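User: Hey, I've got a structure to look at and I'm not sure where to start. Could you walk me through it?
Analyst: Sure, pull it up and ask away.

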Amino acid sequence: MGFIRNFLLPKEVDFDAAMLEQAREARKVVELLYRLCMEGEEQTLDAIVEGAQRARKLKDRNMKELLDVFITPYDKESIYRMITQLDWIALSVKHFQIEVRVYRAPALMGHEPIVSLLREMARTLEDGLAQLGKTPLAHMGEEIDRIRDLYDEVVAQCARAAAALDPKLECKQLLHQRDMLMQLKEIARRIHVAANTLEDMAIKVV
């Protein structure tokens, strides 16, 4: 039977577990962003880079598995989109830490509420992936709608924060602060797009 399973039957991969592992790593990178906001420690920037590297390794592994199998629990396009979007979440946080380093700016001056929303979005996305295929679509829809609502709030808070920037700052500093706000909004957008893909996958298993 082992010979038949290994050499004759189509290869099977637990993509639910694989995507959940990726979502967990992405959430951890967002948690590091929250820690950076609360503590402002330099070593947290290095930890974000390391977390993004781990996320990329998981993405590469999952993509290789996707290319090697014939049978998947969902269509390959949906799995591909989820794999890439989960990687983009971690990568977007990494891009934020690049701006912090290059601009030599205080990481998240007064933006704690925005980063708290990002953390909640990442946690909700991980919870949603953990429920994929196990929970009724109606409940999954509530989780996904929550991510959309949180995304709306991030966009609103980023706009308010941009409007509240001190006009006495030099033009260069204002541009740096706006860039960082835009990058926070980009992190939220990537989580939102991943949530849309999660909804697509949940619908297809009904």
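User: Let's jump in at α3. Which helices do the buried residues of α3 pack against?
Analyst: They pack against α2 and α4. Keep in mind that this is a predicted model.

User: OK, and which residues in α3 are buried?
Analyst: The list is T44, L45, A47, I48, G51, A52, A55, L58, K59, N62, M63 and L66.

User: How far does α3 reach from its first C-alpha to its last?
Analyst: It reaches 40 Å with 27 residues, and that is close to the 39 Å expected at 1.5 Å a residue.

User: Back to M63 for a second. Why does M63 count as buried?
Analyst: Because its relative accessibility is 14%, and buried means under 20%.

User: What is M63 in contact with, leaving aside its neighbours within four places in sequence?
Analyst: Y80, I83 and T84. As for I79, it sits 16 residues from M63 along the chain, and the C-alpha atoms of the two are separated by 9.0 Å.

User: Let's zoom out. What does the secondary structure of the chain come to?
Analyst: Seven helices and zero strands. From the N terminus on, the elements run α-α-α-α-α-α-α.

User: And how much of the chain counts as buried?
Analyst: 47% of the 206 residues. On the outside, the chain exposes about 10,900 Å², and carbon and sulfur atoms supply 54% of that.

User: What share of the contacts comes from residues 24 or more positions apart?
Analyst: Looking at contacts in the chain with a separation of 6 or more, those residues account for 81%.

User: Now the inside. Which residues touch the most other members of the largest nonpolar core?
Analyst: That core has 57 residues, and M19, L33, L118, M121, L129 and L132 touch the most other members. The elements giving two or more residues to this core are α2 (15–39), α3 (42–68), α4 (76–103), α5 (112–131), α6 (137–163) and α7 (171–204).

User: Which one gives the most?
Analyst: α2 does, with twelve residues.

User: Last one: what does M19 touch, not counting residues up to four places away in sequence?
Analyst: M19 touches N62, Y74, I79, M82, L86, L129, L132 and M201. You've met N62 already, as one of the buried residues in α3. L129 and L132 came up too, since they are among the residues that touch the most other core members.

How values were computed
Residues numbered from 1 in each chain as written. Predicted model: local features only at pLDDT ≥ 70, side-chain atom pairs only at ≥ 80, totals over all residues. Heavy atoms only, no water. Core = buried A, V, L, I, M, F, W, Y, C linked by side-chain atoms within 4.5 Å. Buried < 20%, exposed > 50% of the residue type's maximum accessible area, 1.4 Å probe, protein only. Helix = DSSP H or I, 4+ residues; strand = E, 2+ residues; numbered from the N terminus. Contact = heavy atoms within 4.5 Å. Expected span 1.5 Å × (residues − 1). Areas by Shrake-Rupley, 256 points an atom, 1.4 Å probe, with all protein chains shown as cover.
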